[in-house]
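Subject: Structure for your files

Hello,

Here is the structure I said I would pass on. My notes on it follow below.

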Amino acid sequence: MAQDRIDPPPSSALRRRLLQGMAALPAASLAPGLISRAARAAPATAAVNSTGLAVTDDAVTVGILHSITGTMAISETGSVEAEKLAISQINAEGGVLGRKINFIQEDGASDWPTFAEKAKKLLVKDKCAAVFGCWTSASRKAVLPVFEQYNGMLYYPTFYEGLEQSKNVIYTGQEATQQIIAGLDWVTKEKGAKTFYLLGSDYIWPRTSNKIARKHIENHMKGTRVVGEDYFPLGHTQFNSVINKMKLVKPDVIYAIIVGGSNVAFYKQLKAAGVDLSKQTLMTISVTEDEILGIGGENIAGAYACMKYFQSLQNPNNAKFVPAFKAMWGEKSVIGDVTQAAYLGPFLWKLTAEKAQSFDIDKIAAASPGVEFKGAPEGYVRIHPNHHLWSKTRVGRARTDGQYDVIYETADLMEPNPFPVGYQ
Amino acid sequence: MFMGYSLGDLGSILAMQGFAGLVLFSVFVLMALGLAIIFGQMGVINMAHGEFMILGAYVTFLCSRLFAAYLPGAFAVYFFLAIILAFCASGLLGMAVEWALIRHLYKRPLDTLLATWGLSLILQQVYRSIFGAREVGVELPGWMMGSTHLTSQIEIPINGLIVMALTTLITLAVYLLIFRAGWGRQVRAVTQNRAMASAVGIDTERVDRLTYGLGCGIAGVAGSAFTMIGSTSPTAGQLYIVDTFLVVVFGGAQSLIGTIASAFTISQARSTMEFFLSGSMAQVLVLLSVVGILMLRPQGLFVLKIRR
């Protein structure tokens, strides 16, 4: 699977290549000294690529590295689709620095050593100018040393626990404080919530996030407290006991960070146990529109999710993005928070390369802070010097049709703060 | 943790918690029964058990789509047809697999582990290619979701009641089939001494195929029932396989009664501990005690005397 180069969309790629070839013919047959069309529009290759990346006079190669097989394929499919859409849109508008983007897709196969191996292949053998990929923190931790050793550039789309910063990574999703704090403030102010019950799957992201949530609830808000905290092994399917426990404690807010197949079991059993989400406030940071496909809208309607993007967001950028995504990947596809964050990656890289007038990794890393993308479906984003994004936090309420109603957004962009003081 | 709650509160929670334990017990029995037949009676280490379950879940998913599109009037009862179809689909696939793969390996039981593990990977990728990598949402009739009020405070999940009823039904049927019917006598004879059974005129190949099919079929029913409480995705079967083997091995592989007893012990222990500790801790403690008990009693809780 992995090795083939695919030009999206495949049908028109051949035609475009033919046209390019035909356009180049007269130029080539004319006297030397006449520069070709492509070169006139674009700066010379030697100027934009001084470190031997896969950049030619009319093309630049990037990598896409996600799981398309294995357990994580469920989650990572949307990111792959968004990245391919972004690349094809950039190519349709003339590419980056006058060069068309080719991509090489590799399959991380939901296996972290495989991610590291494929990352090395993309950087060392294919000389990719940028790599868009990874989803779980575990896969990112596995490829991080590779990107730092071979000096590559990774655009990482998932909201994650923070506590990381690298010259070689741009984090296009939210770090934990961006996702948690504004949501807790909102639910306390709006719902008068006093007591919180924290739930999570048992691994680093939910545990770190709940730790931040607990610190915020106990130390930074007034009169609020945590009345329970529980973790479940990944893939846990029986939640009746904890649901009973919550019925006893009666928290104002259930704060749930449960992932994967467990999510489906949790919400189905919550509903079956007679917990009515229109009366019981439940806030989650782990359920996007993608997850609702599996959970079923009728089982989660009424829950609040704290994200930076919802498919139903009303703005001109999103009004163009959603139809374009559906045109490429089918009318039934849904777009979750991470899918949108993955879509930002290629555009941020393009804007950075144009700002730096170079594909060199060091120059891209140095030029990244301050790069702003006004066409983002979420509205507007800007890269912070710590390589995370400034972005707004939004609260959505789940509807039965699997979409969210956006009911709150922060007035200002939230500053990314991967090493939050007072929250560790 | 019980300070400040009224007796009424505690009583109703106790009742609901007891019921939660019974539901977990039914879930364990349902998923382990098929494997108890295949692993216990036939000695085949069926690593693809979870995938047979998920086949049942996907059949239920297809049924829900078909009924929603063509027979919306009968949507409220589609689930019962789905369970029967799930049994047939998983059972038929099981018989085909037995014919193509398993029957060549009866003399090498450890190799069945590898073969069925490979089979589980193949099936996962098949589901992924057909249904997509993402989870599918199985829409259930409205009456099956939600809960019924016994008192103002005690709420009993309806899907839990359905799982319990289904488990009782299947267990009874298996009991009658294995211990009361002539065919069951043949199955037990083949388990106890294949050569002798063959010598007295039992068609052991046919018995093997039907037994394997029955085990897989029950797995399909379990998968179909679990769409009420869990997720349906190509790899969801993996969520159940550890618990399933745990129950069967702990109970003593060859004893159906043992399987039920061990499902009861494990489910009650876990459900109680989850209430007082956290989910992860409960899992750890249950696994530790099972390991401990199996060290003292490697053959499991119940043992049948058989000639080897």
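Helices of chain B

Helix 1 of chain B packs against helix 8 of chain B at an angle of about 165°, and their axes are 7 Å apart. (Axes are lines fitted to C-alpha atoms, for helices over the stretch in contact, and angles run from 0 to 180 degrees between N-to-C directions.) Helix 1 of chain B is therefore roughly antiparallel to helix 8 of chain B. The cut-offs for these words are under 35 degrees for roughly parallel, over 145 for roughly antiparallel, 65 to 115 for roughly perpendicular, and oblique for the rest.

Before going on, note that this is a predicted model, in which local features need pLDDT of at least 70 and side-chain atom pairs count only at pLDDT 80 or more, while totals for chains, interfaces and linings use all residues. Residues are numbered from 1 along each chain as its sequence is written, and chains are lettered from A and ligands numbered from 1 in the order in which they are written. Helices (H or I, at least four residues) and strands (E, at least two) are DSSP runs, numbered from the N terminus.

The crossing of helix 1 of chain B with helix 8 of chain B is left-handed; that is, the near helix is turned anticlockwise from the far one by less than a right angle, and clockwise would make it right-handed. On the helix 1 side of chain B the contact includes L30(B), L33(B), G34(B), I37(B) and I38(B), and on the helix 8 side of chain B it includes T211(B), G215(B), I218(B), A219(B) and A222(B). Two residues are in contact if their C-beta atoms, placed from the backbone, lie within 7 Å. By class, this contact between helix 1 and helix 8 of chain B has 14 nonpolar, 4 polar and 1 charged residues. (Ala, Val, Leu, Ile, Met, Phe, Trp, Tyr, Cys and Pro count as nonpolar, Asp, Glu, Lys and Arg as charged, and the others, Gly among them, as polar.)

Helix 8 (residues 204-226) of chain B also packs with helix 3 (residues 78-100) of chain B, at about 140° and with the axes 7 Å apart. The two helices, 3 and 8 of chain B, are therefore oblique to each other, and their crossing is right-handed. Their contact has 13 nonpolar, 9 polar and 3 charged residues.

Where the chains meet

Chain B gives 38 residues to the contact between the chains, and chain A gives 33. On the chain B side, the elements that give two or more residues are helix 1 (7-42), strand 2 (155-157), helix 5 (158-180), helix 10 (256-276) and helix 11 (279-296). Helix 1 of chain B has the largest share of that side, 7 residues. The side of chain B that touches chain A divides into 16 nonpolar, 15 polar and 7 charged residues.

Chain A

An open sheet of 7 strands in chain A has the order 8-7-9-10-11-15-16, with mixed pairing. (Two strands pair if DSSP finds at least two bridges between them.) Strand 8 and strand 16 of chain A are the edge strands, each pairing on one side only. From one strand to the next, the twist averages 25°. Helix 7 (residues 176-191) of chain A packs on this sheet and touches strands 9, 10, 11, 15 and 16 of chain A; its direction makes about 165° with that of strand 10 of chain A.

At one end of the order, strand 7 (residues 195-201) and strand 8 (residues 225-232) of chain A pair in the parallel sense over 7 bridges, with S201(A) opposite F232(A). Together with helix 8 (residues 204-220) of chain A, these strands make a right-handed β-α-β unit. Right-handed here means that, with the strands pointing away from the viewer, the path from the first strand over the helix to the second runs clockwise.

Strand 15 (residues 394-398) and strand 16 (residues 404-409) of chain A run antiparallel, joined by 5 bridges. A398(A) has Y404(A) as its bridge partner, and G396(A) stands opposite V406(A). These two strands, 15 and 16 of chain A, form a hairpin with 5 residues between them, and G402(A) in the turn has a positive phi of about 90°.

A second open sheet in chain A has 3 strands in the order 12-13-14, with antiparallel pairing. Strand 12 (372-373) and strand 14 (389-390) of chain A are at its edges with a single partner strand each, so one side of each has no neighbour in the sheet.

Regards
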